[in-house]
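Grab a pencil and keep the viewer open. Below are some short exercises, each followed by a worked solution.

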Amino acid sequence: MIRDITCIACPLGCEIKVEDTENGYLITGYTCKKGKDYALQEITDPRRILTSTVAVEDGVLKVLPVKTDKAIPKDMLLKCMEEINKIKAKAPIYVGQVIKENILNTGANLVATRNLAKKE
Amino acid sequence: MYDCIIIGAGVVGAATARELSKYNLRIAVLEKGTEVCQGTSKANSAIVHGGYDAAYGTLKGKLNVRGAKLYQKLSKELNFSYDKCGSLVLAFNDEDEKKLEELYENGLKNGVEGLRIIDKDEILNMEPNVSQDVTKALYCSEAGIVCPFNATFAFIENAMDNGVELFLEEKVVNIRKENDYILVGTEKGSEFKTKILINSAGLYSDEIAELAGDKEFKVKPRRGEYRILDKKVSDIVNHVIFTTPTKAGKGVLVSPTVHGNLIVGPTSDPVDDKEDTRTTDKGIEKVDEVALKLVPKLSLNETIRVFAGNRASIEQGDFLIFESKNIKGMLNLGGIDSPGLASSPAIAEEVRDFVSKYIDLTEKNNFIKERQAIPHFNELSDEEKEEILKRNPNYKKIICRCEMITEGEIIEAIHRNAGARTVDGIKRRVRPGSGRCQGGFCGPRILEILSRELDIPVEDILKESQGSNIVVGRTKGVL
Amino acid sequence: MEYDCIVIGGGPAGLAAAIEAKDNGADKVCVIERDRELGGILNQCIHNGFGLHEFNEELTGPEYAAKFIDEVYKRDIDIFLNTMVIDLTKDKEVTALGDNGLIKLKGKSVVLAMGCRERTAGAIGVKGFRPAGVYNAGMAQRLINMEGYLVGKEVVIYGSGDIGLIMARRMTLEGAKVKAVVEIMPHSSGLNRNIHQCLNDFNIPLLLSHKVTEIHGKNRVEGVTIAKVDDKFNEIDGTREYISCDTLLLSVGLIPENEISQKANVSIDLRTRGAYVDSNMQTEIPGIFSCGNVLHVHDIVDFVTRESRIAGKNAARFARGELNNSKYIDVYAGDKLIYVIPQKIALDDENGALICFRSKNIYRNPTVKIYSNDKLIKQKKYKIIVPSEMIQIHLKYDYIKDLEGNIMVDIEGEKND
């Protein structure tokens, strides 16, 4: 099976082809190592950083922006959202603070991406 | 039991309420919308026409001239934006010039003051940016521009200061005579008893008339499409600039607005549905074509909004003001299309005369004649600004950065008589969202303020009508 | 109150400018911010992808902002929050309204860093009704990311600018169904990675060469009609299609917000819709500088930072009386460019000049060539140049100090769509 991948490593947008052969993946169409690595990662284990918000109690804002501190498997994005939607953090919160450890056993922590003061 | 009930809180209903509130009467206004000024009054050319256009001998001719005079006094008493900036009807050929002569003669007969036919030099002197192809123009010093929203709000606010009661979201669904009064029933099931009933339901005036069995007229709505241009290109003209009128209407105009924008339009196309206020490619193209003929250098790419409004036109052509044959004491105001805005204070006087046939009118001795507008903070002098800030810290916070509107103005718009309950209501009263960003920045803040001041959840806040909710819910179920 | 440098706007441009002004000897510096907190638009850009150039890591918008906000608070810089500048004169007198009431400040120098606003449905003249449910993507972004409200459940996005693409993913993650992204151009104006990660990841179709011809729904959006367009953007007959939705998000371009600049008679370039500036980011009014999205719309915040540092540094030099360039040449954009910034270069400034431009089309393997009086003074090869990505090239003092004729920047290469 051959899969087409548009490289996102730079604006060039190389059309990379990845073929699953008996001798492993055959990758063509890339113009740099970054592109080759990207294509291989996309084929074998596509991952994304997930960014969203969680509900906050007593904060100056009602929601807190968060991210996974490392990329998680792409097919876990929506499942993680379900988990994220259940969380209620409590102000004050500091940037980098872990809101949920090892979310859904992805190995990634969900961390706050801003300071959020307590409502006076 | 009311002495008088007015159906419809557009500019005519509101002006009527204000006129009648001078007398010892118990008055109610029933409005089907979520706020006043949501029909034809909210979307029109915002012009107080001079009165030379409507044919001599018609009600339109008479009431327009009278109305235009009254605006000068009322805008002072009630402190709403009105500018007697004058108008020019441009002629480009012999045929147009002949039409100008006719308008001029007709205007004189109607009693319009300040009419003159002027030549090219004088035109270009007054308006250097109109087309060089112009040959003659009819100048009318009595024509002006007005904010139709704030005129309506001013009328209704002052009417309420003088005891008029306003009922919103009350759509009238039946009217019948019982004993010596009229019984008015609404969709919600409310019943109102009144001696006199005024049908100023605009686009829906035929349907209200029919509830009483009156079938003398049928509203055939005509849609007008417009552009509003950014303030920065508005100094291109100083007067209301008209094309020579045709049978279809007064034609396309290019005019400054009282808020410093430029309005360009309208078309005049029949539509089947009274609520069909869609803008169309065809319509706007037509507006552009004629407008560019008048003012070739017009920067149409500085448009901040296109919109359309429907006029309550009827086949008879003239205003049709008549007492119901079936229900004595009910007055129908039919066919109030252009110049309805200009005529509204004069229509109100007609209504007053009608009421006086049934009820002996005595003037209130505590009538409050004046009403103050919500101050536009940014237009005040530094001293005046400091003065307001001392009294009210809400004026410190600018919410709308395009129009420089403070939170104080917005809060006041909410808490006045017939105050704003919707995002569009705020916009029409104090203008956040009518600037070039069209609410992109201030939108979330307006929701927050409305929610706080009216104590309703953000999810329930409407743009304008029921069903026009701005947000559909919270992002996080747990909130 | 008197300041050496008054910075108008506390977003990424203003923050970088204020820090740099302070560090370069402007004694008294202040930042005037209209929102409740510093950070500007970054606070609502909660997605990642910021800071690759500046910090060599991928940050979210608020994290990127926080780095600069921390630096500002470490320094003795006055911050006015909830404060809106309502007037600016060419003598650098600033009138502002805010928590402290009506304040009047006088600056030796002023940095304009007010950012930009979004083009609206009215501005592009989408026809049909004007119901609730038509929002600029940025407003929807704020409502969702900072206030926690969902603006709709079934969404069509008009315009494939980065904000539109990012919002497609955000709305999807928050449970809405994004039915399509509609783009009038034959190519997206957003970054490739955003098309991939925001649309392709969620199977959201990107409809190129399409426009929204009508909005349906009197009260709330009920649907939109879209149609294919030809290369002149005219609708192709028979291609109309109805998509039911309750929301139309618009991501159809950004416009620098120069209303305050114009009060001080700062002249505006009709192509960038920002000020005319020299290589020190100084406008034609001495002592008034401009940077970031108020100068021209950027796609990468790191470039805003870079440009704003130049503005801040030179604002400080001006305040100290040390900005005394006297030799200038003009800079022109070649036919293949939309615009070039700055419009003027100071030859006798040892910091050299940072040239920024945008191309009109896509070019593969092009060469950027910079000429002075038809003489090639610098060239640089690229693998690709696309309209959505601004190019910055630094010209060292050595390259420019002896130039005499005006500069022209252009691309050599074949157009490729």
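**Exercise 1.** Leaving aside its neighbours within four places in sequence, which residues is C:Val111 in contact with?

*Solution.* Before you start, keep in mind that this is a predicted model.
- Step 1: look at the low residue numbers. C:Val111 touches C:Cys5, C:Val7, C:Ile8, C:Gly14 and C:Ala17.
- Step 2: now go to the high numbers. The other contacts of C:Val111 are C:Phe289, C:Cys291, C:Ala311, C:Gly312 and C:Ala315.
- Step 3: put C:Val111 in its setting. The largest nonpolar core has 161 residues, and C:Val111 is among those with the most contacts inside it, as are C:Cys5 and C:Ala315.
- Step 4: find the main contributor. Helix H8 of chain C (residues 301-319) gives the most to this core, namely nine residues.
- Step 5: check for another core. There is a second, separate one of 114 residues, which includes B:Tyr82 and B:Ile304.

**Exercise 2.** Work out whether B:Thr152 is buried or exposed.

*Solution.*
- Step 1: locate B:Thr152. You'll find B:Thr152 in helix H5 of chain B, residues 148-161.
- Step 2: count. B:Thr152 has 28 C-beta neighbours inside 10 Å.
- Step 3: compare with the cut-off. A residue is buried if 20 or more other C-beta atoms lie within 10 Å of its own, so B:Thr152 counts as buried.
- Step 4: see who is around. Not counting residues up to four places away in sequence, the contacts of B:Thr152 include B:Gly10, B:Val36 and B:Ser41.
- Step 5: try a distance. B:Phe80 is 72 residues from B:Thr152 along the chain, and their C-alpha atoms are separated by 9.2 Å.

Now use the same recipe on C:Gly49, which sits in strand S3 of chain C (residues 48-50). C:Gly49 has 21 C-beta neighbours inside 10 Å, so C:Gly49 counts as buried too.

**Exercise 3.** Describe how chains B and C meet.

*Solution.*
- Step 1: count each side. Chain C puts in 38 residues and chain B puts in 42 residues.
- Step 2: find the biggest supplier on chain C. Helix H4 of chain C gives the largest share of the side that touches chain B, five residues.
- Step 3: sort the chain C side by class. You get 14 nonpolar, 12 polar and 12 charged residues.
- Step 4: look for strands that cross over. Strand S23 of chain B (residues 473-474) is joined to strand S11 of chain C by two bridges, and these strands run antiparallel. There, B:Arg474 stands opposite C:Tyr149.

**Exercise 4.** Which strands stand at the edges of the five-stranded sheet in chain C, and why is one side of each left without a neighbour?

*Solution.*
- Step 1: write the order. This open sheet of chain C reads S23-S21-S30-S26-S27, with mixed pairing.
- Step 2: pick the ends. Strands S23 (344-346) and S27 (375-381) of chain C are at the edges; each has a single partner strand, so one side of each has no neighbour in the sheet.
- Step 3: add the twist, which averages 25° from one strand to the next.
- Step 4: zoom in on one pair. Strand S21 of chain C (residues 328-333) pairs with S23 of chain C over three bridges, in the antiparallel sense. In this pair, C:Asp330 has C:Lys344 as its bridge partner.

Note on methods
Residues numbered from 1 in each chain as written. Chains lettered and ligands numbered in written order. Predicted model: local features only at pLDDT ≥ 70, side-chain atom pairs only at ≥ 80, totals over all residues. Contact = placed C-beta atoms within 7 Å. Helix = DSSP H or I, 4+ residues; strand = E, 2+ residues; numbered from the N terminus. Nonpolar A, V, L, I, M, F, W, Y, C, P; charged D, E, K, R; others polar. Pairing = 2+ DSSP bridges. Buried ≥ 20, exposed ≤ 12 C-beta atoms within 10 Å, placed from the backbone. Axes fitted to C-alpha atoms, helices over the stretch in contact; angles between N-to-C directions. Core = buried A, V, L, I, M, F, W, Y, C linked by C-beta atoms within 7 Å.
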